[in-house]
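Take a moment to look at the fold as a whole before turning to its parts. The paragraphs below go from helices to side chains, and then to an open space between them.

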Amino acid sequence: MSKTEPGTPENTRVFDELMAEVTASTGTFGHREHIHLTWLAVRRVGMPAAVALVSDGIQRTARYAGAPQKYHVTVSRAWVVLVAHHAAEHQQPDFAAFAERHPALLDKRLLTRFYRSATLADAQARTSWVEPDLAPFPWTAPDR
């Protein structure tokens, strides 16, 4: 399993490869493609490295598109953590099977189960990791 470090040429290369793979058939990058890219990243480099890989790539893409304000640290990391948890829980042979098994991940509003809107809108959440404040991720709940 290769490891990627934030901001490295290797990280950029891997992200670009994954982006090309998920956009090859549609040419678009919507929420489903974002989840697909994240799933591929987690499978290729593991969860901790996928956080850096996806976050750096999305941030770079937003800057390139002239919209650096669209990058959000907490949102990016939370999606990687959610996808990684489900990917580890049930190994699926392909993304279509994974998406079918975990349809909630295809709902862009899923994070509102865990975060208040005001929390995600806050500058601190945009620039650094903020733990869920509405409900913990299910696998981190105290009774589990």
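What follows is a walk through a predicted model, beginning with two of its helices.

A good place to start is helix H3, which runs over residues 47-64 and so has a simple extent to trace by eye along its 18 residues. From its first C-alpha to its last, H3 reaches 25 Å, close to the 26 Å expected at 1.5 Å a residue. Several of its residues are buried, and among them are Ala-49, Val-51, Leu-53, Ser-55, Gly-57 and Ile-58. What lies over these buried residues of H3 includes helix H1 (9-23), helix H2 (31-45) and helix H4 (73-89). After the end of H3 comes Gly-66, whose phi is positive, near 75°.

Helix H4, one of the neighbours that cover H3, can be read in a similar way. H4 has 17 residues and reaches 24 Å between its first and last C-alpha, close to the 24 Å expected at 1.5 Å a residue. H4 is mostly covered, since 12 of its 17 residues are buried, and these include Val-73, Trp-79, Leu-82 and His-86. Which elements do the buried residues of H4 pack against? They pack against H2, H3, H5, H6 and helix H7 (123-127). When following either helix, it helps to recall that an α-helix has 3.6 residues a turn, so residues three or four places apart point the same way.

Turning to side chains, the aromatic rings form 4 pairs, and ring pairs link Trp-39, Phe-95 and Phe-98 into a cluster. A ring can also lie beneath a charge: the charged end of Arg-77 sits over the ring of Trp-129, 4.2 Å from its centre.

The loop between helix H5 (95-101) and helix H6 (117-121) contains Thr-112. Is Thr-112 buried or partly exposed? Thr-112 counts as partly exposed because its relative accessibility is 42%, and partly exposed is the class between under 20% and over 50%. Thr-112 and Gln-92 are 20 residues apart in sequence, while their C-alpha atoms are 26 Å apart in space.

Finally, consider the largest pocket, which has a volume of about 440 Å³. Of the 16 residues that line this pocket, the closest to its centre are Phe-29, Gly-30, His-34, Ile-58 and Lys-70. Helices H2, H3 and H4 each supply at least two residues of the lining. Ile-58, already met among the buried residues of H3, thus appears again in this lining.

Methods
Residues numbered from 1 in each chain as written. Predicted model: local features only at pLDDT ≥ 70, side-chain atom pairs only at ≥ 80, totals over all residues. Heavy atoms only, no water. Helix = DSSP H or I, 4+ residues; strand = E, 2+ residues; numbered from the N terminus. Expected span 1.5 Å × (residues − 1). Buried < 20%, exposed > 50% of the residue type's maximum accessible area, 1.4 Å probe, protein only. Contact = heavy atoms within 4.5 Å. Phe/Tyr/Trp six-rings, centres within 6.5 Å; stacked < 30°, edge-to-face > 60°. Lys NZ or Arg CZ within 6 Å of the ring centre and 35° of its normal. 1 Å grid on protein atoms, 1.4 Å probe; cavity = no way out; pocket = protein on both sides within 12 Å on 5 of 7 lines; lining within 4 Å. Points joined across faces, edges and corners; volume = space filled by probe spheres on them.
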